[in-house]
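User: Could you take a close look at how the two domains meet, and then walk me through what each side is built from? I'd like one connected tour rather than a list.

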Amino acid sequence: MGLISERLNRIAPSPTVSIADMALNMKAAGRKVIGLAAGEPDFDTPQHIKDAANAAMKAGKTKYTQVDGIPELKQAICRKFARENNVSCTADMITVSTGGKQVLFNALMASLNPSDEVIIPTPYWVSFAGIVEICEAKPVFVKGSGANPMKISAEDLEAAITPNSKWLILNSPSNPGGVGYDADDLMAFAAVMRRHPQLHLISDDIYEHLVYDDFKFATMATIAPDLQDRILTVNGVSKSYCMTGWRIGYGSGPVPLIKAMAKVQSQSTSSPNSMAQYAAIAALDGPLDFMAENRAAFARRRQLVCEALNNIDGIDCPLPDGAFYVYPSIAKLIGKKRPDGKIIESDSDFVSYLLEAGEVAVVPGVAFGLSPYFRISYAAADDVLADAMQRIAKVTASLS
Ligand SMILES: Cc1ncc(COP(=O)(O)O)c(C=O)c1O
């Protein structure tokens, strides 16, 4: 009997770790690695939000707060849902945690039993699967059966449902695919949910404000108010407000679930950071002009990266609806040979070679449950991206 629990031993280590380690070791050795693996905006937090945190600190708001968030922030979150999503909620339906990740963790920990299944469309954000596994429940991965394998249909969803299906986790626009589900898609999913009352929905809306072209963000709580007591909407300030390090996420859901989630949080981390909660109020209630500027920069970079990748023989990059990632296919590169004779057998092989030979760090699709692809985060300066694209083109061209 070892020290580490059976629960943890059942969980595979994240496949991203070895690439991240390699990149760090190369950087430590003085090599100029371009890192396009991180999932965070490169922009700084807007000044008015920092000012609110400073003011809170000066005013002595430096103590523990209510376990799942201060009432003022819960009110600001209710205002946000009413203003931006046309969803009415009360403070007792709101929870605040240390990032959207903890909201998800609390929800799954509070609700999952070992036989429960959680339906997760692929490619998925790695933590969806990891948290379900920590909770000893079963992730059920679903791939789109239509032209776009990254987007599931209502039929794909229905085919995955069993009597044990407890949650569907829908993340739109998604990490890593950038796939968006619009109001029509959600209406079709709502019809499926009405036929299967055992199924609940986690709607991960963390990339809500980062949508491009004419894609219109929609969320299930707006589309299907009749399902409100089966929906947990998860959101946060990390991505939209450039506040990844502040660690504030929030959720809105049925009161019994929200209370159970507070119980999990009370026995793990207690309240989220007090100053960051005041900063989050300033973010949610404050001006949004910076967001339009950031969105315009992301939209430009998305175009730049997609065009450059699609110009490379062997790489096919769909244009994402949102978030700040692209998820190109490298199916045509599998089986090709490196100059040293080694064969590219998987996306991990391609990503390792790209790092070794091109000094560009990206994440292999295997980490997100859909291969052979890789993920690039384009939250980096235009000239850095242009340099990275040239390196990827050069490395790919060296394969025969
Ligand atoms: C899909 C998705 N959901 C939730 C999160 C959690 O973000 P945070 O914990 O920083 O709020 C992330 C962060 O990468 C994400 O990509």
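Analyst:

**Where the two domains meet**

The C-alpha centres of domain 1 and domain 2 are 26 Å apart. Keep in mind that this is a predicted model. The domain assignment gives domain 1 as 6-44 + 290-395 and domain 2 as 64-285, so to speak of domain 1 is to speak of two pieces of chain. At the boundary, 30 residues of domain 1 are in contact with 31 residues of domain 2.

Let's stay on the domain 1 side for a moment. Helix α12 (289-310) and strand β9 (325-326) each supply at least two residues of the side that touches domain 2. The biggest giver there is α12, with five residues. Sort that side of domain 1 by class and you get 16 nonpolar, six polar and eight charged residues.

β9 is worth following a bit further, as it also belongs to a sheet. That sheet is open, has three strands in the order β9-β12-β11, and its pairing is antiparallel. β9 is one edge strand and β11 (363-364) is the other, each pairing on one side only. Two bridges join β9 to β12 (residues 374-377), and these two strands run antiparallel. If you want a spot to click on, Y325 stands opposite S377 in β12.

The loop between β11 and β12 has a detail of its own: P372 sits in it. The peptide bond joining S371 and P372 is cis, with omega at about -5 degrees.

Now over to the other domain's stretch of chain. An open sheet of seven strands runs in the order β2-β8-β7-β6-β5-β3-β4, and its pairing is mixed. Its edge strands are β2 (94-97) and β4 (138-142), each of which pairs on one side only. From one strand to the next, the twist averages 20 degrees.

Inside that order, β7 (residues 231-236) and β8 (residues 249-252) run antiparallel and are joined by four bridges. Here the pair to look at is T233, which stands opposite S252 in β8.

Two loops attached to this sheet's strands deserve a glance. One lies between α4 (71-85) and β2, and N86 is in it. N86 has a positive phi of about 55 degrees although it is not a glycine. The other lies between β5 (165-171) and α8 (183-195), and that's where P173 is found. A cis peptide bond joins S172 and P173, with omega at about -10 degrees.

Next, a helix pair. Helix α5 (residues 100-111) packs against helix α10 (residues 255-266) at an angle of about 105 degrees, and their axes are 8 Å apart. That angle makes α5 roughly perpendicular to α10. On the α5 side the contact is made by N106, A107, M109, A110 and S111, while α10 brings L257, A260, M261, V264 and Q265. By class, the residues of this contact are seven nonpolar, three polar and no charged.

Last stop, the ligand. It is surrounded by 13 residues, and the closest are G99, G100, K101, N175 and S238. The shell around the ligand divides into two nonpolar, nine polar and two charged residues.

To come back to your starting point: the side of domain 1 that touches domain 2 gets its greatest share from α12, and the two domains have their C-alpha centres 26 Å apart.

Technical notes: Residues are numbered from 1 along each chain as its sequence is written. This is a predicted model: local features need pLDDT of at least 70, side-chain atom pairs count only at pLDDT 80 or more; totals for chains, interfaces and linings use all residues. Domain bounds come from an automatic or database domain assignment. Two residues are in contact if their C-beta atoms, placed from the backbone, lie within 7 Å. Ala, Val, Leu, Ile, Met, Phe, Trp, Tyr, Cys and Pro count as nonpolar, Asp, Glu, Lys and Arg as charged, and the others, Gly among them, as polar. A residue is near a molecule or strand if its C-beta atom, placed from the backbone, lies within 6 Å of it. Two strands pair if DSSP finds at least two bridges between them. Axes are lines fitted to C-alpha atoms, for helices over the stretch in contact, and angles run from 0 to 180 degrees between N-to-C directions. Angles under 35 degrees count as roughly parallel, over 145 as roughly antiparallel, 65 to 115 as roughly perpendicular and the rest as oblique.
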